[in-house]
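Subject: Structure for you to look at

Hi,

Here is the structure I said I would pass on. Have a look at it first, and then read my notes below.

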Amino acid sequence: MDVIQLIPPQATIRPWVDPVVDARGHDPRSIYVERSWLSVIGPTATWIMRRFAECFDAEPDGFVLDLEHTASTMGLSYSKGVASPFGKALHRCVMFGLAQPMADGFCVRRRLPSVAQRHLKRLPDDLQAEHDEWARRTLQVDARDLERRLIEAGIPPVAAVRATEFAAWA
């Protein structure tokens, strides 16, 4: 596991290319991430991943992000170490395999994998049951294909994600 020692005020954020997760994973702004990942990585790390997703929409090949400014826009304190709330949340993204530190920043997943079974076991019973039901329904709907088709039809990516999730969660 990579450990973050220092967090630079500015970081280059590059996409973490993973063909399997990119094809089958979940947009960080999705209901799935809110219902399943949120209780695993916490709200701040979830918001960080959402912020990265928004930036990737505008600059899919990567971007430079002012982390100090990003922390302050999220209402968080910032320090170069991992002791600040922002630093701890960013470290959680690394600990749970959603980001990897690099010399000049981070490689970040554009899509998140499904939550691992070992993490699902820690969720409250109702969320575990909801996840099991979601997984059963998702087998019936190829969510990634539906999302891709909606985007190809001109639907904005965020709206396509929401519509696809509604089909899978409804």
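**What I found**

Let me start with a single residue: Ala160 sits in helix α9. Keep in mind that this is a predicted model. Ala160 is buried, with a relative accessibility of 0%. If you want a sense of distance, go from Ala160 to Gly87: the two are 73 residues apart in sequence, and their C-alpha atoms lie 31 Å apart in space.

**The chain as a whole**

The chain holds nine helices and four strands. Reading from the N terminus, the order of elements is β-α-α-α-β-α-α-β-β-α-α-α-α. The radius of gyration is 16 Å, close to the 15 Å that the globule rule gives for 170 residues, so the chain is as compact as a globular protein of that length. The C-alpha trace spans about 45 × 40 × 30 Å along its principal axes. Of the 170 residues, 44% are buried.

**Helix α2**

Next, take a look at α2, which covers residues 31-41. Which residues of α2 are buried? They are Tyr32, Val33, Ser36, Trp37, Val40 and Ile41. These residues cover an arc of only 110° around the axis, which puts them on the same side of α2. The general background is that an α-helix has 3.6 residues a turn, so residues three or four places apart point the same way.

Two other residues of α2 are worth finding. Glu34 is in this helix and is partly exposed, at a relative accessible area of 38%. Between Glu34 and Val108 there are 18 Å in space, C-alpha to C-alpha, and the two are 74 residues apart in sequence. Arg35 also lies in α2 and is partly exposed too, at 34% relative accessibility; you will meet Arg35 again below. Just after the helix comes Gly42, which takes a positive phi of about 95°.

**Salt bridges**

Side chains of opposite charge can pair when their charged atoms come close. How many salt bridges does that give here? The count comes to nine, and I picked out three of them.

One of them joins Asp57 and Arg29, with the closest N and O atoms 2.6 Å apart. Asp57 is in helix α3 (residues 43-58) and Arg29 is in the loop between α1 (19-24) and α2, so the pair ties together parts that are 28 residues apart in sequence. Are the two partners buried or exposed? Asp57 is partly exposed, with a relative accessible area of 41%, whereas Arg29 counts as buried at 10%. There is also a network of salt bridges here, linking Asp27, Arg29 and Asp57.

Another one is where Arg35 comes back: its side chain meets that of Glu130 in a salt bridge, at 2.7 Å from N to O. Because Arg35 lies in α2 and Glu130 in helix α7 (residues 125-138), this pair ties together parts that are 95 residues apart in sequence. Glu130 is partly exposed, with a relative accessible area of 24%.

The last of my picks pairs Glu152 with Arg148, at 2.9 Å from N to O. Both lie in helix α8 (residues 143-152), four residues apart, which is about one turn of the helix. Glu152 counts as exposed, at 58% relative accessibility, while Arg148 counts as partly exposed, at 38%.

**A pocket to look at**

Rolling a probe the size of a water molecule over the atoms shows where empty space is left. The second largest pocket holds about 310 Å³ of space. Which of its 14 lining residues are closest to its centre? They are Asp27, Arg29, Asp57, Arg110 and Arg111. You will recognise some of those names, since Asp27, Arg29 and Asp57 are the members of the salt-bridge network.

As for the rest of the lining, α3, α8 and α9 (157-169) each supply at least two residues. Sorted by class, the lining has eight charged residues, six nonpolar and no polar ones. On screen, Asp57 makes a handy way in: start from helix α3, where Asp57 lies, and go on to the centre of the pocket, where Asp57 is among the closest residues.

Have fun with it!

Terms used:
Residues are numbered from 1 along each chain as its sequence is written. This is a predicted model: local features need pLDDT of at least 70, side-chain atom pairs count only at pLDDT 80 or more; totals for chains, interfaces and linings use all residues. Side-chain values use heavy atoms; hydrogens and water are left out. A salt bridge is a side-chain nitrogen of Lys or Arg within 4 Å of a carboxyl oxygen of Asp or Glu. Buried means under 20% relative accessible area, exposed over 50%, partly exposed in between (1.4 Å probe, protein chains only). The arc is that of the directions from the helix axis to the C-beta atoms. On a 1 Å grid over the protein atoms alone, a cavity is a set of points where a 1.4 Å probe fits but cannot get out, and a pocket is an open set with protein on both sides within 12 Å along at least five of seven lines; lining residues have an atom within 4 Å of a point. Grid points are joined across faces, edges and corners, and a volume is the space filled by probe spheres set on the points. Ala, Val, Leu, Ile, Met, Phe, Trp, Tyr, Cys and Pro count as nonpolar, Asp, Glu, Lys and Arg as charged, and the others, Gly among them, as polar. The radius of gyration is taken over C-alpha atoms; the globule rule is 2.2 Å times the number of residues to the power 0.38.
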